[in-house]
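User: Can you walk me through this one? I'd like to go topic by topic.

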Amino acid sequence: MGSYDLVTGKQDWCVDLTAIALDGKKHLISDVTVAPDGTVYAVDELTPTVFRIDTEGRASVFPRSDLLQGKLDIPDFLNDVGMTAVEWVEGDRLIIAMADGSLVRVPVQQPEDAEPVKLSGTPLSAPAAGMRLLEDGSITAVSSGLLNGKPARIQHVEPSDNWKEATVTVTDTVQDPVTSDVTAGPNGNTYALSGGLADLLAGKPNDGFTLTPVKTG
């Protein structure tokens, strides 16, 4: 993982997270989030490991938890896929999306108290692929149609009881079934991102990406 100066383009630091893990396993970082103090948290799809990187590029293993263990198999691609997205939220917590559509709440100061978020309303579609924190403290999540070929679903996750519970509603869909993230755009808009994963899995070349504006609520 690396940090770059947006003005000069120069690299501030670069860290090898596999060397930090020291577990001899394969790792695949799927998402990162930045806390207000500049600390970065990165989640690993292939092991139940969250990495913490400070503003100087010093990395450490944050928590390892059975709650973050992967359970979803993607045929001809990856097995036991776990964490796919992460957001820092108020109250100094991490909300982690699992590939199977579940959410886990991790208090930064007491990660051993991690627990599942109880979801009501429409279940979060699996595999969960990316999230964006909105100004009101809720989250927009995109769930890829990678396994069923159906349009990706944009869902609004409204928390209650300090993120111990949340209500999920569908707000939009994206025709590209393999949408992989949602991101902020100009004027507060939100865009779904596709990097061409379907082409990759089919063995076809892909040198571009698409951004699609989506409704968040």
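**Helix 2 and what follows**

Analyst: Leu-201 sits in helix 2, residues 197-201. Helices (H or I, at least four residues) and strands (E, at least two) are DSSP runs, numbered from the N terminus. This is a predicted model, in which local features need pLDDT of at least 70 and side-chain atom pairs count only at pLDDT 80 or more, while totals for chains, interfaces and linings use all residues. Residues are numbered from 1 along each chain as its sequence is written, and side-chain values use heavy atoms, with hydrogens and water left out.

User: What is the relative accessible area of Leu-201?

Analyst: Leu-201 has 38%, so it counts as partly exposed. Buried means under 20% relative accessible area, exposed over 50%, and partly exposed in between (1.4 Å probe, protein chains only).

User: Which residues make the nonpolar surface patch with Leu-201?

Analyst: Phe-77 and Leu-200 join Leu-201 in a nonpolar patch of about 270 Å². Patches are made of residues with over 30% relative accessible area and no salt bridge; like charges are joined within 9 Å, nonpolar side chains (Val, Leu, Ile, Met, Phe, Trp, Tyr) within 5 Å. Accessible areas come from the Shrake-Rupley method with a 1.4 Å probe, and for residues only the protein chains shown count as cover.

User: And Gly-203, buried or exposed?

Analyst: Exposed, at 64% relative accessible area. Gly-203 is in the loop between helix 2 and strand 20 (210-214). Its C-alpha is 32 Å from that of Tyr-4, and the two are 199 residues apart in sequence.

User: Switching to the interior. How many residues are in the largest nonpolar core?

Analyst: It has 16 residues, and Val-50, Leu-94 and Ile-96 have the most contacts inside it. At least two of its residues come from each of strand 4 (40-44), strand 9 (83-89), strand 10 (93-98) and strand 11 (103-107). A nonpolar core is a set of buried Ala, Val, Leu, Ile, Met, Phe, Trp, Tyr and Cys residues joined through side-chain atoms within 4.5 Å.

User: What does Leu-94 touch?

Analyst: Leaving out residues up to four places away in sequence, its contacts include Tyr-41, Val-50, Phe-62, Val-86, Trp-88 and Val-104. Contact means heavy atoms within 4.5 Å. There is also a second, separate core of 15 residues, among them Ala-85, Ala-97, Leu-124 and Met-131.

User: Where is Thr-179?

Analyst: Thr-179 is in the loop between strand 17 (165-174) and strand 18 (181-184). It is buried, with a relative accessible area of 1%. Beyond four places in sequence, its contacts include Ala-129, Val-142, Ser-144 and Leu-193. A polar atom of its side chain lies 3.0 Å from the backbone oxygen of Asp-176.

User: How many salt bridges does the structure hold?

Analyst: Three. A salt bridge is a side-chain nitrogen of Lys or Arg within 4 Å of a carboxyl oxygen of Asp or Glu. One joins Asp-23 and Arg-64 at 3.6 Å, N to O. That pair is 41 residues apart, with Asp-23 in the loop between helix 1 (17-21) and strand 3 (29-34) and Arg-64 in strand 6 (59-64).

User: Which side chains meet at 2.7 Å?

Analyst: Those of Asp-54 and Arg-58. Arg-58 is exposed, at 56% relative accessibility.

User: And Arg-105, buried or exposed?

Analyst: Arg-105 is buried, at 9%. Its side chain meets that of Glu-115 in a salt bridge of 3.1 Å, N to O. Glu-115 is partly exposed, with a relative accessible area of 27%.

Methods: A polar contact is a pair of N or O atoms within 3.5 Å; within protein, one must be able to donate a hydrogen and the other to accept it, and residues adjacent in sequence count only if both atoms are side-chain atoms.
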